[in-house]
Amino acid sequence: MTKNVYTVGQVNSYIRNMFAQDFMMSRIYVKGEVSNCKYHPSGHVYFTLKDESGSLGAVMFASNRKGLAFPMRNGDNVIVLGTVSVYERDGRYQLYAKEIILDGAGALYRRFEALKQELEEMGMFAEEYKQPIPRYAGRVGIVTASTGAAIRDIQNIAARRNPYTQLILYPALVQGEGAAESIVQGIRALDAMGLDVLIVGRGGGSMEDLWVFNEEEVARAIFDCETPVISAVGHETDVTIADFVADLRAPTPSAAAELAVFDLRKLLEDLKSLRMALNRGISDQLSDWQSRLKHQEERLYLLRPENLLNQRRSYCLDLEQRLTQQMERKLLEVKHRLSLCAQGLEGASPLKKLSQGYSVVTDIEGRSVVEAEQVRKGDPLRIQLFRGRLKAQVTEVLKDG
Amino acid sequence: MDEQEKTLEMMLEEVEGIIASIQQRDISLEDSFSLYQQGVETLKLCSGRIDAVEKKLLVLNEDGQLEELS
């Protein structure tokens, strides 16, 4: 019993060395189902890998967290690359993980589908919650990485379309540990500033790289955001939960910038054509009124008293003319009749008889003497000749028969 | 609504409405004049709303302060 007694430390140290010298144990892929998964505040992740036959304790130190691109949860089937070694304090061997990936094609996709369905059923994608994107945003918030293609693309497009738009970046982690919290914080911080529109996104990458935009907390932050949100994740073909919940999905960050930043030249042209339309409108209206006025003027001209008077005057003139004409005709007619009468009368004139040698005999009182018995011998008589008169005296009265 | 609260979009829509009204034949001359005046004023406001100062990208830092990207 006295021979070969070792301390606990010596044994554990010895076994640890055995593991360390084992080439296979220093770099090994282990697959299994995750359980007891704990994210320690220090950044270390503790979990157990198990299968039907047993279990293996595992840890991923904070320094290796780059190797975990997705949020690992209990029940996930994973493949872990790491080293098996001994934790001397507990005398336990465990797997020190360097990289963890989901096992089996489509595992992430299935999780994506499950969350999408869940959120859709909650109504978070409903059209009624979508806010319109303002056409003329003055201040645009951006949640993305401060380095990378996304922010550069957005800056370039914005500078080209409208250098007067204020861009405000919240530099966020867009993949790996803490990305979801960082993006959520960015959305809230920019939302609180009362900007006109937010762009939330990142450039292209693998499905794991883009995974944070499929996280429920990111989706909720976008949903709760009072400022309209444009999602801009990866390339055209990448679709994330964030795209469904955002007010508008842009296929790329560049496209998001086109949607968020209005084209200044286009606005200036619009203003110009509005001004022209306004001027055309009023000048059309004016010439319309002018022609209406002219029309009324003409009508009024015809109705003015002077004109009416002229009309009456010319009517009078006309009447006068007609009257004169009628009068003249009447006069001619009468003259004609008169001359006819005169001719007739001339035939019956006593003067004519006188000229033929007849004469008119009257007594002293001017009574015509037509019978001899009217006078006595010695009565004075008057005799009217054709030319001149005679005084005579009856010398004898002779009776007829 | 106060002129200051109107968005550029609202003002542009307003001018479009004014143009449509002016084009109506049965509008009175007085009304068309005052609409025209209103349209010109609104367009002036629109132009004035274009803040023609070039902007640098601002970054919201951890203290909640805005700073220019260095």
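This passage describes the contact between chains A and B, the sheet that they share, and helix packing in chain A of a predicted model. Local features required pLDDT of at least 70 and side-chain atom pairs counted only at pLDDT 80 or more, whereas totals for chains, interfaces and linings use all residues. Residues are numbered from 1 along each chain as its sequence is written, and chains are lettered from A in the order in which they are written.

The contact (C-beta atoms, placed from the backbone, within 7 Å) takes 27 residues from chain A and 29 residues from chain B. On the side of chain B that touches chain A, α1 (8-23), α2 (29-49) and β1 (58-60) each supply at least two residues; helices (H or I, at least four residues) and strands (E, at least two) are DSSP runs, numbered from the N terminus.

Seven strands form an open sheet of mixed pairing (at least two DSSP bridges between two strands), in the order β10(A)-β9(A)-β8(A)-β6(A)-β7(A)-β1(B)-β2(B). Because β10 (248-250) of chain A and β2 (66-68) of chain B each have a single partner strand, one side of each is left without a neighbour in the sheet. Strand β7 (residues 166-171) of chain A pairs with β1(B) in the parallel sense over two bridges, and I168(A) has L58(B) as its bridge partner in β1(B).

Within chain A, helices α5 (residues 179-192) and α6 (residues 216-224) pack with their axes 9 Å apart and at an angle of about 5°, which means that α5(A) is roughly parallel to α6(A) (angles under 35 degrees, between N-to-C directions of lines fitted to C-alpha atoms over the stretch in contact, on a range from 0 to 180 degrees).

Terms used. Two residues are in contact if their C-beta atoms, placed from the backbone, lie within 7 Å. Angles under 35 degrees count as roughly parallel, over 145 as roughly antiparallel, 65 to 115 as roughly perpendicular and the rest as oblique.
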